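These are my notebook entries on a structure I went through entry by entry, beginning with burial.

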Amino acid sequence: MSNKEVKAALKSARDAIRNKEYKEALKHCKAVLKQEKNNYNAWVFIGLAAAELEQPDQAKGAYKKAIELEPNQLLAWQGLANLYEKPNQIDVKGDLADVYQKLLELYESGDKQKWCDVCNKLVELYHQEKKYLEVAETWQKLIRMKQEEGAEKTELHQLWKKMIQLLKDSTRNQDNKTGQLLLSAFEHALHSADTVPGEDHQNLYKDFIQCLSNFPLEVDRLEKACDDMMALYPTISYPLEVLCLHFVQSGTLSEKALHCFSRLLEMDANSGPGIICFGIKCLKEKKYKEAVKSLTEGLQKTNQCPAAWHYLAEAQIKIHEHRNAVLSCNQALEALGTPEGPNLQWKNHALQLKAEALIKIADADAAEEAVKALEQIVDGSSDPVVLALRGQAYLNKGLMDEASKISQELLLSHPDLAEAHALEGFIHYSQKNYEQAEKSFLNAIERKAGTAEYHQYLGLTYWFMSDETKKDKGKALTQFLKAAKLDSYLGSAFFYLGNYYRDIAGDKSRARGCYKKAFELDEMDEESGTAAVNLSVELGDTDTALSILNEVTEKARPGTAKWAWLHRGLYYLRTGQPSQAVADLQAALRADPKDCNCWESLGEAYLNRGSYSTALKSFRKASELNPGLVYSIYRAAALEQILGKYETAIATYQQILKKTENYVPALKG
C-alpha cells in the first residue's frame with residue numbers, strides 16, 4: 001500500500017466514522033495497519049469506532065497504543081477521556097484522573113478554555129472521591145490561570161467561594177494542608193468581596209469563623225477573625241458568641257474572656273453562650289445555685305458545648321445533685337464524640353467527674369457504672385487520684401479485697417496523697433474499725449484540710465466510736481461544724497449537727513434549725529424533714545411544721561412523700577379537721593398501702609367524720625395487716641355495734657378478750 005493509498009484509507013475511515021459506519025471504519029484502519037503498524041491516526045480511529053461499537057477493551061487498547069506511539073499528541077488522550085467518561089465504565093476514575101492531568105499539561109500552552117473545562121472535570125472527579133487535598137490544589141491552579149489572564153475581581157471572588165463550597169465537607173477528616181487551603185480560600189473570598197460591609201460578606205465572615213472554630217490550633221486566627229468582624233459589624237452578636245464559646249472550651253477565664261462575656265450579655269441578654277459564660281463566672285465565684293440555673297438555661301439555647309456541660313456537672317456536684325451531674329456528664333461525652341487533642345482532656349475530665357458523682361450516689365449499680373467510666377479514662381491507670389476513686393467504687397460494690405489492695409498500693413507509692421489516706425479511712429469506717437479510721441481521716445485532713453467530706457467522715461467516726469467521743473464537743477461536733485463551714489450544701493453535716501443538739505446538748509431550737517437546713521438542701525431526706533416537723537411541734541411552732549409539710553406535699557408526685565402526708569394527716573386528726581385528715585392519709589397510703597398504722601389513723605379520721613362504713617373497712621384492713629393491733633379490732637367491733645351488726649360485734653369483742661382478758665373497752669362493748 002503506497003503512502004497515497006494509506007492517506008486515502010484513513011480519509012475513508014474518517015468519513016465512515018462521521019457517517020456512523022463504525023465497522024466499515026475498522027476495516028479501513030486494519031488495512032492501514034497491515035501496511036503501517038505504527039500509524040497513530042489508524043489506532044485513534046480504531047479507538048473511536050470500537051468505543052461506539054461497545055467494545056471498550058479494544059478501544060482502550062487502541063488509544064493506549066496510539067499514546068505509546070505519540071505521548072504528547074492530543075487526539076488519543078481526548079479519545080481515552082471520552083471512553084472513561086461513558087456511564088458504563090466502572091472502576092476507571094483513577095485512570096480518568098491521570099488522563100485529565102495529561103490533558104491539562106497538553107492544553108496549558110495552547111487552548112486556555114479547554115484547559116479550564118478539563119480542570120473543572122478533574123475537580124469534580126476528585127470531589128466525588130472525597131480527595132479534598134487534590135480538589136484544593138487543582139482549583140488553586142484554575143484560579144492562578146484566571147489571575148494570569150487578568151480575570152475581574154468579581155469572577156475571582158466567585159471562584160474562591162466555589163472553592164469554599166467544594167471543601168466545606170472536608171473539615172471533619174482533613175489533613176492540615178487541606179485545612180490551610182480552605183482557610184486561605186475564605187480569606188481571599190473576604191478580601192475580594194465587592195460590597196463591604198454587606199449581607200453576603202457578613203454571612204461569609206460567619207462561615208469563616210464557624211470553620212475556624214473547628215481548628216483547635218488556629219486560636220490566634222479565630223480571635224483575630226472575630227475581632228475583625230466585630231469591628232465591621234458592631235451590632236452582630238455572632239462573633240462574640242463564638243469567641244465566648246471558644247474561651248469556655250479552652251478552659252481559660254482571662255481578662256479578655258471576662259470582658260467578652262460582659263459585652264455579649266450587654267448586647268443580647270438572651271444569648272445562650274452569654275448565659276453559659278455568666279454561669280461559669282458564678283461557678284468560679286462559688287455561687288453554685290446561680291451557676292446551675294444559668295448553665296442550664298444557656299445550654300437549652302446552645303447545647304453543643306461539651307465544656308459547658310462539664311461546668312454544669314461540676315456545679316451540680318457542688319450542691320450535691322449527683323444524679324443530675326451524671327446526666328450532664330453524659331451530655332458532655334455525647335457532644336465530644338470521639339475527641340482528639342484538647343477535647344480528649346475534656347473527655348477524661350467528664351469521665352472522672354461522672355465517676356465522682358456516681359460514687360456519691362453510693363449504691364452498687366452506680367458503683368459499677370463508676371468503674372466503667374474510670375476504665376475509659378486515657379492513662380487513668382497511672383493517675384493516683386483516679387485509682388483512689390476506683391477504690392471507692394469497689395468499696396461501694398462490696399469488693400473489699402480489691403479496694404484494700406488499691407489502698408495499700410497507693411499508700412506505698414503516694415504516701416502524701418490525701419485521697420490515698422481517705423480511701424483507707426473509708427475502708428476502716430465501713431468495717432467499723434473506728435480507731436484506725438480516725439487515724440486515716442486525720443492523715444487525709446493534714447494533707448488536704450479544705451475537703452468537707454474528710455471532716456464529715458471524721459465526725460461520723462467519732463459519733464459511732466463511743467458515747468464519750470459522741471458527747472465530746474472537740475470531737476464529733478467540731479468536725480461536723482468544720483464540714484458544714486467548708487461545704488454549706490452538705491446536708492448530712494447539718495443532719496448530724498441536728499442529732500448532736502437534740503440528743504446530746506438538748507437544744508431543741510438549734511437542732512430544729514439544723515434539721516430544717518438539712519431538709520432544705522435535700523428534700524429527699526425524710527429523716528431531716530420528719531425531725532424538723534416533730535421538733536417544731538414540740539416547740540409549739542405548728543406554723544413552721546405545717547409550712548414544711550405544705551411545701552413537700554405541694555411538690556410531691558402521686559405515691560411519694562408518705563411521711564409528709566402522714567404527719568399532716570395526723571395533725572388534722574388531732575385538730576378536729578377529719579375531712580382534710582382523710583385526704584392526706586389516703587395520699588400517704590398511695591405511697592405505702594401496707595402501713596397498718598396509717599390504715600388505723602384513716603379509720604379514726606373516717607369515724608370522726610361520721611363515715612362509719614368506710615371507717616369499719618379501714619380498721620379491718622389495719623387488723624388484717626397486723627392482727628396484733630387490738631385497738632383497730634376493738635374499733636371495728638364498736639362500729640359493727642353502731643351499725644347494728646350485733647352478732648358480728650359480739651364475736652369480735654370475744655376475739656379481743658381471748659387475747660387480752662381484761663381489755664376494758666371490749667368488756668364494756
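Before the first look-up I fix the term I need: a residue is buried when its relative accessible area is under 20%, and exposed when that area is over 50%. I also note at the outset that I am reading a predicted model.

**Entry 1: Gln140.** I looked up whether Gln140 is buried or exposed. Its relative accessibility is 18%, and because the limit for buried is under 20%, Gln140 counts as buried. I placed Gln140 in helix α8, which covers residues 132-148. Setting aside the neighbours within four places in sequence, I found Gln140 in contact with Trp160, Met163 and Leu181.

**Entry 2: the nonpolar core.** From Gln140 I followed the contact to Met163, and asked which residues have the most contacts inside the largest nonpolar core. They are Met163, Ile209 and Val248, in a core of 220 residues. For Met163 I listed the residues that it touches, not counting those up to four places away in sequence: Ala136, Trp139, Gln140, Ile143, Leu181 and Ala185. I add the general remark that nonpolar side chains tend to be buried together in soluble globular proteins.

**Entry 3: Gln392.** I turned next to another glutamine, Gln392, which I found in helix α21, residues 384-397. With a relative accessible area of 16%, Gln392 is buried, since the limit lies at 20%. Leaving out the neighbours within four places in sequence, I recorded contacts of Gln392 with Ile359, Leu423, Phe426 and Glu453. I also noted the C-alpha to C-alpha distance from Gln392 to Lys360, which is 9.5 Å, although the two are 32 residues apart in sequence.

**Entry 4: cysteines.** How many disulfides does the model hold by the distance rule? The count comes to zero. Cys226 is in no disulfide, and the nearest cysteine sulfur, in Cys260, lies 8.4 Å away. I then checked Cys277, whose sulfur is 4.2 Å from the closest cysteine sulfur, that of Cys244; because a disulfide needs the two sulfur atoms within 2.5 Å, this separation is too far for a bond. On accessibility, I have Cys226 as buried at a relative accessible area of 0%, and Cys277 as buried at 0% relative accessibility.

**Entry 5: the cavity.** I searched for cavities of 30 Å³ or more and found one. The volume of the largest cavity is about 30 Å³. Which residues line the largest cavity? I wrote down Ala51, Glu54, Gln55, Pro56, Leu83, Lys86, Asn88 and Gln89. By residue class, that lining divides into three nonpolar, three polar and two charged residues.

**Entry 6: positive phi.** I kept in mind that most residues other than glycine have a negative phi. Asp91, which is not a glycine, nevertheless has a positive phi of about 55°. I located Asp91 in the loop between α5 (74-85) and α6 (93-107), and its relative accessible area of 74% makes it exposed. Lys432 also has a positive phi, near 65°, in a residue other than glycine. The place of Lys432 is in the loop between α23 (418-430) and α24 (434-447), and at 61% relative accessibility Lys432 counts as exposed.

Note on methods:
Residues numbered from 1 in each chain as written. Predicted model: local features only at pLDDT ≥ 70, side-chain atom pairs only at ≥ 80, totals over all residues. Heavy atoms only, no water. Core = buried A, V, L, I, M, F, W, Y, C linked by side-chain atoms within 4.5 Å. Buried < 20%, exposed > 50% of the residue type's maximum accessible area, 1.4 Å probe, protein only. Contact = heavy atoms within 4.5 Å. 1 Å grid on protein atoms, 1.4 Å probe; cavity = no way out; pocket = protein on both sides within 12 Å on 5 of 7 lines; lining within 4 Å. Points joined across faces, edges and corners; volume = space filled by probe spheres on them. Nonpolar A, V, L, I, M, F, W, Y, C, P; charged D, E, K, R; others polar. Helix = DSSP H or I, 4+ residues; strand = E, 2+ residues; numbered from the N terminus.
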